[in-house]
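Student: Could you take me through one part of this model in close detail, and then set that part against the rest of the fold?

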Amino acid sequence: MTMRRAIGLMSGTSLDGIDVALIESDGESVRVTRSGNDRVAALGPTGYRGYSEEERALLTRALRDAESVGARTDRPGCLPEAEAFLTRAHAEAVESFLAENGLTPADIAVIGFHGQTMMHRPGEKLTVQIGDGAALARRLGVPVVADLRAEDVARGGQGAPLVPVFHRALAAAAGYRGPLAILNIGGVANVTLIDADGGLLAFDTGPGNAPVNDWMKEREGKAFDADGARAAEGQVDEALVAWLLRHPYFEKTPPKSLDRHWFSHKLAGHLGTADGAATLTAFAARAIRASLDHAAARPTRWIVAGGGVKNWTLMAMLESLLDAEIVSADALGWSADFLEAQAFAYLALRSVDGLPITFPSTTGVAAPAPGGVLHDP
């Protein structure tokens, strides 16, 4: 297979905006450039289209309305409006990205379109990501692969995490060997554990940024706890964290996945703003630490990506909890902000080639499974 350019699009559970990333891959390996010290210098250009407060409010309303969804095609309440907006915003993000990088639609083999997760209940074989892949393909004039989680869930898998196969390809391209952990801290946190033979184990560790973000929005009208500053001012309610960690999810054997809404920020509602931020941040960190209970071999290095990298309090907590080297993806020349978008570009290429994107050790699906629905322009 030949190297092709693909664009990945990611709008995560933190509801901050749309990440755009281009990679070159043959669906197996990924092409990287290197700096003089043999660090990865780049995979490809990236872009970002942030959501306004009004747009974020629309998506938040849609999340509430989605609680009544009983089938993948259900669109109650404001979901049709949110889906139309989301599709339009992604199209605008790609159009700007192409123009800024001197590219045309003909330069792109495929776009991986994650959409916006509204509901994720794999136990009910239900996962819903809004976003009209067919409309996006028509507007951009580029093939689009969407609905990347649905096939896995239909086959009995968790539908998440989807990125481990890309993590392994990226680690191989960089020359990093296991035991290695690649941790993504978005609204939900997930980890990929790569053993010395390249074997994968992946699962959601627990909540990531979502409870703290919701807490800050409610208490101070802010989208997130910048730098973890409010958490740094507070005291952790150790009894509450210990109680939260007794939730059956943390005892469940992986692969396993988590819905954004399973752990509400309101669990800390009796606390002051700083103490609540500290407690919810500590909960995320301790849940990540608890993931080691499922590791066959403890990682000697943790590579951390996602918005949580910017939360210095959370990173400091991880430094104290994990007996290993902790390094941000950016420090290695990867991209802490765009790793998931890059992964969806990679998964789209695998999808059009009929290659599996999920595996028994990553989602619990019975056998390696393809995924995604291809929409031609």
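**A helix pair and its surroundings**

Tutor: In this predicted model, the axes of helix 6 (residues 210-220) and helix 10 (residues 273-290) come within 9 Å and cross at roughly 170°. Because angles over 145 degrees count as roughly antiparallel, helix 6 is roughly antiparallel to helix 10. On the side of helix 6, the residues that take part in the contact are P211, V212, W215, R219 and E220, and they meet T273, G276, A277, L280 and T281 of helix 10. Sorted by character, the residues of this contact comprise five nonpolar, three polar and two charged.

A second element that repays the same attention is strand 8 (residues 126-130), where five of the five residues are buried, so the strand is largely enclosed by the rest of the structure. In a regular strand the side chains alternate between the two faces of the sheet. Here both faces are covered, since L126, V128 and I130 are buried on one side, while T127 and Q129 are buried on the other. Strand 8 runs antiparallel to strand 7 (residues 116-121), and five bridges join the two; within this pairing, T127 of strand 8 has H120 standing opposite. The hairpin that the two strands form has four residues between them, and K125 takes a positive phi near 55° there.

From V128 one can step to a part of the chain 55 residues away in sequence, because the C-alpha atoms of V128 and T73 are separated by 8.2 Å, although T73 itself is exposed, with a relative accessible area of 67%. T73 lies in the loop between helix 1 (53-65) and helix 2 (79-100).

As for the nonpolar interior, the largest core has 67 residues, and F166, W302, I303 and W334 are those with the most contacts inside it. Helix 12 (residues 339-352) supplies the largest share of this core, namely nine residues. Beyond its neighbours within four places in sequence, F166 is in contact with I23, V30, L43, L339, Q342, A343 and Y346. Apart from this core there is a second, separate one of 39 residues, which includes L15, Y51, L58 and A91.

Methods: Residues numbered from 1 in each chain as written. Predicted model: local features only at pLDDT ≥ 70, side-chain atom pairs only at ≥ 80, totals over all residues. Heavy atoms only, no water. Buried < 20%, exposed > 50% of the residue type's maximum accessible area, 1.4 Å probe, protein only. Core = buried A, V, L, I, M, F, W, Y, C linked by side-chain atoms within 4.5 Å. Contact = heavy atoms within 4.5 Å. Axes fitted to C-alpha atoms, helices over the stretch in contact; angles between N-to-C directions. Parallel < 35°, antiparallel > 145°, perpendicular 65-115°, else oblique. Nonpolar A, V, L, I, M, F, W, Y, C, P; charged D, E, K, R; others polar. Pairing = 2+ DSSP bridges.
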